[in-house]
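Here are some exercises to work through with the structure open beside you. Try each task yourself before you read its solution.

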Amino acid sequence: MSVDPQQLLRELFATAIDAAHPQQVLEAHLPADRSGRVIVIGAGKAAAAMAQVVERCWQGEVSGLVVTRYGHGAPCEKIEVVEAAHPVPDAAGLAVAKRVLELASNLSENDRVIFLLSGGGSALLALPAEGITLADKQSINKALLKSGATIGEMNCVRKHLSAIKGGRLGKACWPATVYTYAISDVPGDLATVIASGPTVADPSTSAEALAILKRYAIEVPASVRNWLQSPESETVKPGDPSLARSHFQLIARPQQSLEAAAVKCRQAGFSPLILGDLEGESREVAKVHAGIARQIVLHGQPLAAPCVILSGGETTVTVRGNGRGGRNAEFLLSLTDSLKGLPGVYALAGDTDGIDGSEDNAGAIMTPDSYARAAAKGLSASDELDNNNGYGYFEALDALIVTEPTRTNVNDFRAILILESTKHDA
């Protein structure tokens with residue numbers, strides 16, 4: 001089989017991104033009646049690209065404001081695009097969140113609002129609840145990011161410390177009609193978790209938020225603890241009449257990207273195995289993938305080579321070292337350490353938004369000689385893993401993937417390509 005393994009992996013990654021891009025998925029879901037005035041608000045890494053689609057397709061008057069991550073903007077003529085910090089919110093995010101809430105308030109039942117939502121929106125729409133400072137939210141956010149907490153746990157805390165999340169933005173829009181179009185970046189595609197659900201009812205409680213902070217031993221100021229112990233901190237609950245005219249539509253999800261990559265695999269002559277959306281520590285998830293790859297190589301199970309293992313989701317990294325690297329670099333470094341140059345196995349791990357954590361790369365590529373090449377440079381995969389230095393490890397191998405911001409986000413994409421099995425039938 002004449003195939004360039006690294007090129008195929010890059011093509012699979014590009015296919016996964018394209019399958020979730022706003023230019024491909026948003027237009028078909030917009031209201032059939034696109035005349036009249038519409039107010040567009042939005043938040044997330046795909047917000048600017050989504051706003052461009054609305055501007056192109058809407059026939060009536062369009063105005064509005066969206067916020068995206070620094071570097072993820074796109075030129076719009078009628079909708080203002082503001083950039084702010086992610087994953088830790090900053091003053092720009094605070095200022096734009098106030099403006100978004102003002103724009104959503106004092107509307108009439110004749111108004112229509114389109115809310116464009118994608119991953120990253122939780123940090124980008126940072127409007128702390130009364131009595132809580134931006135500095136409080138920043139420190140708690142940083143602690144959660146390092147703790148190993150899941151995205152669902154982090155967003156539970158964020159929602160209860162916010163004046164805009166957990167359905168509060170949807171409540172502010174009442175009695176206007178709200179159409180939320182969302183690109184999912186979370187396992188399970190739950191509307192309450194995507195960007196902390198600003199326009200949907202939230203069943204989680206302040207008591208649960210307190211329990212999460214306690215579980216990960218995160219110290220919080222008295223103002224935060226007092227707020228979470230107050231009934232006012234509760235989010236908008238299911239059945240609240242203020243959300244009766246708020247509609248939610250999922251327009252892209254990680255599974256769509258995995259399925260698109262699977263089609264590409266078959267076209268190239270490889271059998272795909274989709275593991276789906278996964279959570280857990282990046283290094284531990286990598287060990288499971290390594291075990292499956294080893295079983296395929298040695299025993300031809302659960303499928304025979306040539307094949308590709310595909311998975312998505314959002315893993316976590318508990319930061320213990322001082323190295324550089326996001327979830328995907330950590331996954332790939334652990335995979336390299338586990339396989340130790342197993343012949344015929346190549347892998348790519350990358351974030352579909354183009355940014356792995358807070359670095360400048362989307363991810364990296366592992367080849368069968370990565371382990372040996374790094375060792376020849378004096379780099380120990382296990383030592384670098386202890387230091388959370390996946391970026392440094394793959395940078396030394398010139399194996400980083402740099403795409404620039406993609407302006408979409410269905411979270412992580414992982415592909416392990418296995419060229420052949422060593423199993424021989426008797």
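**Exercise 1.** Find where Pro302 is located, and work out what kind of peptide bond leads from Gln301 to Pro302.

*Solution.* Start with the neighbouring elements: in this predicted model, Pro302 sits in the loop that runs between α12 (282–299) and β8 (307–313). Next, look at omega for the bond from Gln301 to Pro302, which is near 0 degrees. The bond is cis.

**Exercise 2.** Do the same for Pro175 and the bond that reaches it from Trp174.

*Solution.* Pro175 belongs to the loop between α8 (168–173) and β5 (177–183). For the peptide bond from Trp174 to Pro175, omega is near 10 degrees, and this bond is cis.

**Exercise 3.** Locate Asn106 and say what its phi angle is.

*Solution.* Go to the loop between α4 (91–104) and β4 (112–118), where Asn106 is placed. Its phi is positive, about 60 degrees, although Asn106 is not a glycine.

**Exercise 4.** Describe how α12 packs with helix α13 (residues 327–339).

*Solution.* Two values are needed, because a pair of packed helices is described by the angle between the axes and the distance between them. The axes of α12 and α13 come within 8 Å, and they cross at roughly 45 degrees. Since 45 degrees lies between the cut-offs of 35 and 65 degrees, α12 is oblique to α13. Finally, the hand: this crossing of α12 and α13 is right-handed.

**Exercise 5.** Now describe the pair formed by α7 and helix α9 (residues 206–215).

*Solution.* The axes of α7 and α9 are 9 Å apart, and the angle is about 125 degrees. That angle falls between 115 and 145 degrees, so α7 is oblique to α9. As for the hand, α7 passes α9 in a left-handed crossing.

**Exercise 6.** Build up a picture of the largest pocket, beginning with its volume.

*Solution.* The volume of the largest pocket is about 860 Å³. Of its 44 lining residues, those closest to the centre are Pro87, Leu145, Arg327, Gly357 and Ser358. The elements that give two or more residues to this lining are α5 (121–124), α6 (134–147) and α7 (151–160). Sorted by character, the lining has 14 nonpolar, 17 polar and 13 charged residues. Last, check the domains: domain 1 (5–16 + 255–418) and domain 2 (22–253) each supply at least three residues to the lining.

Technical notes. Residues numbered from 1 in each chain as written. Predicted model: local features only at pLDDT ≥ 70, side-chain atom pairs only at ≥ 80, totals over all residues. Heavy atoms only, no water. 1 Å grid on protein atoms, 1.4 Å probe; cavity = no way out; pocket = protein on both sides within 12 Å on 5 of 7 lines; lining within 4 Å. Points joined across faces, edges and corners; volume = space filled by probe spheres on them. Helix = DSSP H or I, 4+ residues; strand = E, 2+ residues; numbered from the N terminus. Nonpolar A, V, L, I, M, F, W, Y, C, P; charged D, E, K, R; others polar. Domains from an automatic or database assignment. Axes fitted to C-alpha atoms, helices over the stretch in contact; angles between N-to-C directions. Left-handed = near helix turned anticlockwise from the far one by under 90°.
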